[in-house]
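Got the viewer open? Here is a short walk through this model, one selection at a time.

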Amino acid sequence: CGHPVCSGCLSVQIEVDPPQRQSEYVCPCDGCSEALTEKDIKALLTGAEHDKFIDMGLQDAAGGALVKCPTGCGWSFMMESSSASSPAPKPWPPAGVGEAG
């Protein structure tokens, strides 16, 4: 959009009103809703915050059906729409795994 906004003000905007979707990372100037560039966003966020930003985009693309692997490995998968009414997945690791027997 060309509005000159300092990184400090953009950081404050993100801290005060954290975006819940990638499309909410926009220019803070009144009347402007131009999306911030990926380069600008990456410069403003910590590594973990940027990972969350990327996850937001995946969630948007997946229609909210993206689920992170419960092991903490970093992988995600899409749930089928019919899975929405299925019972919640069992906790990881399953009972008995890794226990001395």
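Contact here means heavy atoms within 4.5 Å. With that in mind, select Leu45: leaving aside neighbours within four places in sequence, Leu45 is in contact with Ile14, Tyr25, His50 and Phe53.

A quick note before going on. This is a predicted model, where local features need pLDDT of at least 70, side-chain atom pairs count only at pLDDT 80 or more, and totals for chains, interfaces and linings use all residues. Residues are numbered from 1 along each chain as its sequence is written, and side-chain values use heavy atoms, with hydrogens and water left out.

Now colour by secondary structure (DSSP runs: helices are H or I, at least four residues; strands are E, at least two; numbered from the N terminus). You should find three helices and two strands, in the order α-α-α-β-β from the N terminus.

Next, select Leu10, Ile14, Tyr25, Leu36, Ile41, Leu44, Leu45, Phe53 and Met56: these nine make up the largest nonpolar core. Such a core is a set of buried (under 20% relative accessible area, 1.4 Å probe, protein chains only) Ala, Val, Leu, Ile, Met, Phe, Trp, Tyr and Cys residues joined through side-chain atoms within 4.5 Å. Helices H1 (7–16), H2 (38–44) and H3 (47–62) each supply at least two of its residues.

Last stop: keep just Tyr25 and Phe53, both buried. Their rings pair edge-to-face, 5.0 Å centre to centre with 90° between the planes (pairing needs centres within 6.5 Å; edge-to-face means planes over 60 degrees apart). Tyr25 sits in the loop between H1 and H2 and Phe53 in helix H3, 28 residues apart.

Conventions:
Buried < 20%, exposed > 50% of the residue type's maximum accessible area, 1.4 Å probe, protein only. Phe/Tyr/Trp six-rings, centres within 6.5 Å; stacked < 30°, edge-to-face > 60°.
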